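Biologist: Please pick one part of this model and take me through it closely. Then work outward to its surroundings and to the other elements.

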Amino acid sequence: MAMSEAFLHLDPLLLSKSGANFGNRRNLGLVELHYNLRTSRSGLQSVSYFSTDRKNRAKGSCFLRCKCQKADSVSGVTADDGRPDSVSIYGMKNVNNVKEFELNQLLKSDKEGFANGTTNGVGTVINSKNSIEEEAWDLLKESVVYYCGNTIGTIAANDTSSSSILNYDQVFIRDFIPSGIAFLLKGEYDIVRNFILHTLQLQSWEKTMDCHSPGQGLMPASFKVRTVPLDGHDSVTEDVLDPDFGEAAIGRVAPVDSGLWWIILLRAYGKCTGDLSVQERVDVQTGIKMILKLCLADGFDMFPTLLVTDGSCMIDRRMGIHGHPLEIQALFYSALLCAREMLAPEDGSVDLIRALNNRLVALSFHIREYYWIDMKKLNEIYRYKTEEYSYDAVNKFNIYPDQIPPWLVEFMPARGGYLIGNLQPAHMDFRFFSLGNLWSIVSSLATVDQSHAILDLIEAKWSELVADMPLKICYPALEGEEWRIITGSDPKNTPWSYHNGGSWPTLLWQLTVACIKMNRPEIAERAVMLAERRISRDKWPEYYDTRRARFIGKQSRLFQTWSIAGYLVAKLLLANPSAAKVLINEEDSELVNAFSCMLSANPRKKRGRKEFKQPFII
């Protein structure tokens, strides 16, 4: 039986009960029904539907009972790529024995229904006029995860062609950020609100690995919704959240960036919806403070930057970024600014806000002064004197000029610059890390001139950083003996693959926000147009390999959710640039003044004991 014939009957009473409304378009607006047919691993078939009518979409979850022929009459239908076709009707869980549906009345009432539809290669029926953007929305909605009947997030990847799931069926904090932003920009707020509040509950869970527990403010890297038997009732089940704080992750690394992204998303939710009641809740305020206290805790470090281990952010495998990686510092700075906006003014927050402000000033000075590199600064480093023991030392970190790699001399354009990847005593990581530089623009960690220079460099080095698919996660790749020593001969991070110089389409949305902030959207538009040439045909890979991103990554998951969501956010923001303000941190005038004072004043004051208001009693 043909697929179009297998869905000819759907009881209109069921549709009316589900909240879907298929009345006059002029009065009720266009309503479309998108469906896929997917056979699950257990042999069941999942059914869900969604309406493009915003008012009715939230009410669209219902149990559709089938009346007609056996489900196996359509179970043999497969997509062009060999993946089982799915019936995607947004909001439904698995349904046993999916049979034929009564769609005759629906098709008759909608002259532009599925009669002229085509498939997109993964089983979703779309109108021939529909664009890649509409396909992406269908795929994003298919990735939605439910907890107790409510949307709570999106899985990392929906690649049914892969035999190894690992943890790609979980909801990752960092991976959900572009999904959450896409839903916010489309006016679908509930999923983001649920995500924020439920991940907050996980923050207080006990976190132990080998008898050691990390700080209370740590947010999980990911979580999975599991259905388990209710205690004492084998026939009754309940949904539970199973978080991973790094104790099950590859490498057992705690996710430092999760809490920072959570704060950024919380602020975006408030700005986009106008609903400040979520961030004003007592438990949310407590969650913000716990994250800040964990990040602002005193330690042995002399620098205002966060000290982290390798693999604690988007680059979650050994790549030589331990220390003070730029990505963490940019997210840290942005989270501090967002938290300062949202913290309720109360007596208990005074000391925390004071510490927060002090850290903002010191962090911005440190990054802008010591991480920045352009042709002028590179020449200064080339002429550095070493072994300077003095408070007035120019080469404060004792950087040896021989550390300047040969590739950098050719890579650095006459116009442009960037923030280096890492800075430690006697070590500068000169690699260009895209996310850290782009979010430094978004958060105003970089100055206005530095921000324009970063975009200048991306334009000047387009063939290296963008090439055939945006955007290199870092440049250049580690190769040869350097790769063997730094990565431990990681077979996934081979040169120009994965985190080692691979190209990641999800970075489109960070690039777009940065370009819009600097009023240079044409750069992002060019990158989006480049991605549109093949990303849908390639089935939305996680990453691309080779210097010019010619190949789909050798271990890349297909239908990667944040590749899909990153593209959607980029398109939505380019269509409505003013919406980017929910993510952007404008430069604080007080911080600018404090930064100017630090530059003009002598930072090497005479050392001495701090004066105490009350003497110690000995």
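Modeller: Contact here means heavy atoms within 4.5 Å of each other. With that cut-off, start at Ser 434. This is a predicted model, and what follows describes the prediction.

Ser 434 belongs to helix H15, which covers residues 434–442. Its relative accessible area is 0%, so Ser 434 counts as buried. Which residues does Ser 434 contact, leaving aside neighbours within four places in sequence? They are Leu 471, Lys 472, Ile 473 and Leu 507.

H15 also helps to cover another helix, H19. Helix H19 takes in residues 508–517. Ten of its ten residues are buried, so H19 is largely enclosed by the rest of the structure. The buried residues include Trp 509, Gln 510, Thr 512 and Cys 515. Lys 517 is buried as well. What lies over them? Besides H15, the cover includes helices H6 (173–185), H8 (256–273), H16 (448–460), H20 (521–532) and H21 (561–575). After H19 comes Asn 519, with a positive phi near 60 degrees.

H8, part of that cover, also packs against helix H7. The axes of H7 (residues 190–203) and H8 come within 10 Å and cross at roughly 145 degrees. The crossing is left-handed. On the H7 side, the contact is made by Val 192, Arg 193, Phe 195, Ile 196, Thr 199 and Leu 200. H8 contributes Trp 262, Leu 265, Leu 266 and Tyr 269. As background, an α-helix has 3.6 residues a turn, so residues three or four places apart point the same way.

Helix H11 is another enclosed element. It runs over residues 326–342, and 15 of its 17 residues are buried, so the rest of the structure largely encloses H11. Its length also checks out. At 1.5 Å a residue, H11 should span 24 Å, and its end C-alpha atoms are 24 Å apart, which agrees.

Now the strands. An open sheet has three of them, in the order E8-E9-E10, with antiparallel pairing. Its edges are E8 (171–172) and E10 (233–244), each pairing on one side only. E9 (residues 222–230) and E10 pair over nine bridges. Phe 223 has Pro 243 of E10 as its bridge partner. Thr 227 stands opposite Asp 239 in E10. Two residues separate E9 from E10 in a hairpin, and Gly 232 in the turn has a positive phi of about 85 degrees.

A second hairpin joins E6 and E7. E6 (residues 144–147) and E7 (residues 150–154) run antiparallel, with four bridges between them. One of the pairs is Tyr 146 with Thr 151 of E7. This hairpin also has two residues between its strands, and Cys 148 takes a positive phi near 55 degrees. In a regular strand the side chains alternate between the two faces of the sheet. In E6, Val 144 and Tyr 146 point one way, Val 145 and Tyr 147 the other, and all are buried.

Last, confidence. Mean pLDDT is 80 for the protein, and 73% of its residues reach 70 or more. Residues 1–129 have pLDDT below 50, yet this stretch has 247 contacts in the model beyond near neighbours in sequence. Residues 612–618 are also below 50, and that stretch has zero such contacts.

Notes:
Residues numbered from 1 in each chain as written. Heavy atoms only, no water. Buried < 20%, exposed > 50% of the residue type's maximum accessible area, 1.4 Å probe, protein only. pLDDT = per-residue confidence, 0-100. Expected span 1.5 Å × (residues − 1). Pairing = 2+ DSSP bridges. Axes fitted to C-alpha atoms, helices over the stretch in contact; angles between N-to-C directions. Left-handed = near helix turned anticlockwise from the far one by under 90°.
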